[in-house]
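Visitor: I would like a close look at one part of this model, with the packing around it followed from there.

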Amino acid sequence: GIYAKLPEDMEENLALAALDVAGVPAQTQKLVKEGDSVLILGGAGKSGMLCCYEARKKAGKSGRVIALVIDDEQAKFIEENDIADSAIAVDAKNPVEVLNKVLEVNEGKEVDLAINCVNVQNTEMSTILPVRNGGVVYFFSMATVFTKAALGAEGVGKDVDMIIGNGYTKGHADVTLTALRESATLRKIFKNLYI
């Protein structure tokens with residue numbers, strides 16, 4: 001099995017909380033390219049915030065990271081803590097509304113990459129629909145029904161690469177713990193939530 005050595009420079013509960021979702025920020029680091037526009041569904045959750053951090057780092061100043069959250073309170077939290085470039089409060093089970101909100105904050109364009117961190121059923125199409133043809137869809141959510149994703153993409157004529165979430169990526173523990181070391185904001189939020 002896989003293991004990670006607990007760091008000596010942070011509390012055990014803090015490290016364990018982050019390592020629980022270590023696969024997705026590391027995958028984000030691999031998938032995002034400079035200048036990409038990225039949609040993170042569940043951007044205010046534990047994995048979502050780590051993804052936003054990695055996506056912004058990789059996309060750079062010319063990129064754009066959009067955090068999809070459930071309500072205005074979470075959107076305000078994302079904006080106040082500068083976790084993403086934009087926060088949209090929309091029901092992730094409503095793909096047309098998600099698409100419209102994404103277009104609104106992304107200069108009328110679809111995104112290059114969408115990452116689903118929402119553990120809610122029926123969010124497959126909200127992940128696929130806002131992605132441009134030739135883009136990438138990454139389902140980290142274990143609530144994903146892959147027949148819905150595959151047939152849904154076909155049904156709306158979306159030629160996107162879809163990746164199934166894998167909790168393991170080489171070096172994933174280091175990527176995630178480094179994010180907490182680099183970002184005082186993330187570290188403070190995680191401490192407040194998990195210690």
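Visitor: Which residues of helix α1 meet which residues of helix α9?

Guide: This is a predicted model, in which local features need pLDDT of at least 70, side-chain atom pairs count only at pLDDT 80 or more, and totals for chains, interfaces and linings use all residues. Residues are numbered from 1 along each chain as its sequence is written, and side-chain values use heavy atoms, without hydrogens and water.

On the α1 side the residues are Asn-13, Leu-14, Ala-17 and Ala-18, and they meet Arg-187, Phe-190, Lys-191 and Tyr-194 of α9 (contact means heavy atoms within 4.5 Å). Helix α1 spans residues 12-19 and helix α9 residues 184-194, and their axes, which come within 10 Å, cross at roughly 105 degrees (axes are fitted to C-alpha atoms, for helices over the stretch in contact, with angles from 0 to 180 degrees between N-to-C directions). The two helices are therefore roughly perpendicular (65 to 115 degrees; under 35 is roughly parallel, over 145 roughly antiparallel, the rest oblique).

A second helix pair is arranged in a comparable manner: α2 (residues 23-31) and α8 (residues 172-182) pack at about 95 degrees with axes 8 Å apart, which makes α2 roughly perpendicular to α8. Here Gly-23, Pro-25, Ala-26 and Gln-29 of α2 make the contact with His-172, Val-175 and Thr-176 of α8.

Turning from these helix pairs to the sheet, we find six strands in an open arrangement with parallel pairing, in the order β3-β2-β1-β4-β5-β6 (helices, H or I with at least four residues, and strands, E with at least two, are DSSP runs numbered from the N terminus; two strands pair if DSSP finds at least two bridges between them). Because β3 (86-89) and β6 stand at the edges with a single partner strand each, one side of each is left without a neighbour in the sheet. Neighbouring strands are turned by 15 degrees against each other on average, direction ignored.

Within that order, β1 (residues 37-41) runs parallel to β4 (residues 111-116) and is joined to β4 by four bridges, with Ile-40 opposite Ile-115 and Leu-41 opposite Asn-116. Strand β4 is in turn joined to β5 by five bridges, again in parallel, and there Ala-114 stands opposite Val-137. Six of the six residues of β4 are buried, so the strand is largely enclosed by the rest of the structure (buried means under 20% relative accessible area, exposed over 50%, partly exposed in between, with a 1.4 Å probe and protein chains only).

Helices also lie on this sheet. Helix α3 (residues 46-59) lies across β1, β2 (64-69) and β4, and runs at about 165 degrees to β2. In helix α7 (residues 146-155), the buried residues are Ala-149, Gly-152 and Ala-153, which share one side of the helix because they cover an arc of only 95 degrees around the axis (the arc of directions from the helix axis to the C-beta atoms). These buried residues pack against α6 (124-128), β5 (131-139) and β6 (161-164), whereas the face of α7 turned away from them carries the exposed Thr-147, Leu-151, Glu-154 and Gly-155. Just after α7, Gly-157 takes a positive phi of about 70 degrees.
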